[in-house]
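Reader: Could you walk me through the labels used for this model, and what stands behind each of them?
Author: Gladly, here it is.

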Amino acid sequence: MLVLAFDTATPAVTAALHDGERVLAEATTVDARRHGELLVPTIETVLREAGASLGDVTTVVAGSGPGPYTGLRVGLMTAQALATSLGVPAYGVCTLDAVAYGSGLTEPFLVATDARRKEVFWGHYEDMRVRLSGPSVDKPQDLPGKLPLVGAGARLYAEVVGASRLVDAPEYPLAGALAALAAEQLGRPDVQEVVESGTHPVLSLPRPIYLRRPDARVPSAPKKVST
C-alpha cells in the first residue's frame, strides 16, 4: 500500500505519503492564494523525500471539504486526474475529519475551520475518529457551548467562542493525518463497494462537500432600458 493524500480545502496546501503503517513524507505550505501553483510541487516533494515515484502509488485520497470553492476544486480535480492516469482508486475524506484525527483527542469536541463571511465550517466529534454530526456552516457564536474546540476557525474567533475552549492541536488538516485516517480504512474488505454505495463512515467518492453556493456568480441578463 502506498497512499498519496493531499488537501487544499483550507489555506494549507498539504501532501503526504503513507505505506499503510506510517507516514513516509509530508509537506505543508500555508498560502490561501496559491493552491493551484503549490499542490503539484508539494506532491513531487513528498515523493522525492520518500524515495518513491508516482507509479508506486496505489491509492489517491483528497480532502473533500467543506472549503472555499476554488481551492477545494484544485485538490479534487488533481485526485481524479492522477487516479485516472495511474489506474488506481481515488477517495475523498471530509477535511474536518482530518483535523479531528490530527488532534488525537479521545473525548467529545468540535472542529471549526474558517468559512469566510464571518462563519465557520464545523463538526461535532465523539473522538478523533468518529464524527457525530456535520459538516455544517454557522456563525461562530452559534456553535454548541462548552465542548473543546480544534481548528483555525475556532482560533480565528477565539474571543467569540471562548479562548479557554481552544485545544493545542494542529489548526489545519495536515495530509499525514489525512493519509493515516484513510489507511486505517483501506485494508478492510469491500471498501470500494461500500464507498460507491455512499455508506462508508470515513471514505467517499472524490466529490466536493459544498454547504453553500460559490461567491462567483454568472451575471444576470442586462436590464432592458425603456425609452
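The questions below go from the overall fold to single residues.

Author: A word on the ground rules: this is a predicted model, where local features need pLDDT of at least 70, side-chain atom pairs count only at pLDDT 80 or more, and totals for chains, interfaces and linings use all residues. Residues are numbered from 1 along each chain as its sequence is written, and side-chain values use heavy atoms, with hydrogens and water left out.

Reader: What makes the protein as compact as a globular protein of its length?
Author: The protein has seven helices and ten strands (DSSP runs, H or I of at least four residues for helices and E of at least two for strands, numbered from the N terminus). Its radius of gyration is 18 Å, close to the 17 Å from the globule rule for 227 residues, so the label fits. The radius is taken over C-alpha atoms, and the rule is 2.2 Å times the number of residues to the power 0.38.

Reader: Why are α3 and α6 called roughly perpendicular?
Author: Helix α3 (residues 95-103) and helix α6 (residues 175-186) pack at about 95°, their axes 8 Å apart. Angles of 65 to 115 degrees count as roughly perpendicular, under 35 as roughly parallel, over 145 as roughly antiparallel and the rest as oblique, so α3 and α6 earn the name. Axes are lines fitted to C-alpha atoms, for helices over the stretch in contact, and angles run from 0 to 180 degrees between N-to-C directions.

Reader: Which residues of α3 and α6 meet there?
Author: From α3 come Asp97, Ala98, Tyr101 and Gly102; from α6, Ala177, Leu178, Ala180, Leu181 and Glu184 (contact means heavy atoms within 4.5 Å).

Reader: Why is Thr59 called buried?
Author: Buried means under 20% relative accessible area, exposed over 50% and partly exposed in between, with a 1.4 Å probe and protein chains only. Thr59 has 7%, so it is buried. Thr59 sits in strand β4 and touches residues including Leu2, Val88, Tyr91 and Leu186.

Reader: And what makes Ala163 exposed?
Author: The relative accessible area of Ala163 is 52%, so it falls in the exposed class. Ala163 lies in the loop between α5 (158-161) and α6. Ala163 and Leu149 are 14 residues apart in sequence and 9.1 Å apart in space, C-alpha to C-alpha.

Reader: How many of the 227 residues count as buried?
Author: The share is 46%.

Notes
Lists of a residue's contacts leave out its neighbours within four places in sequence.
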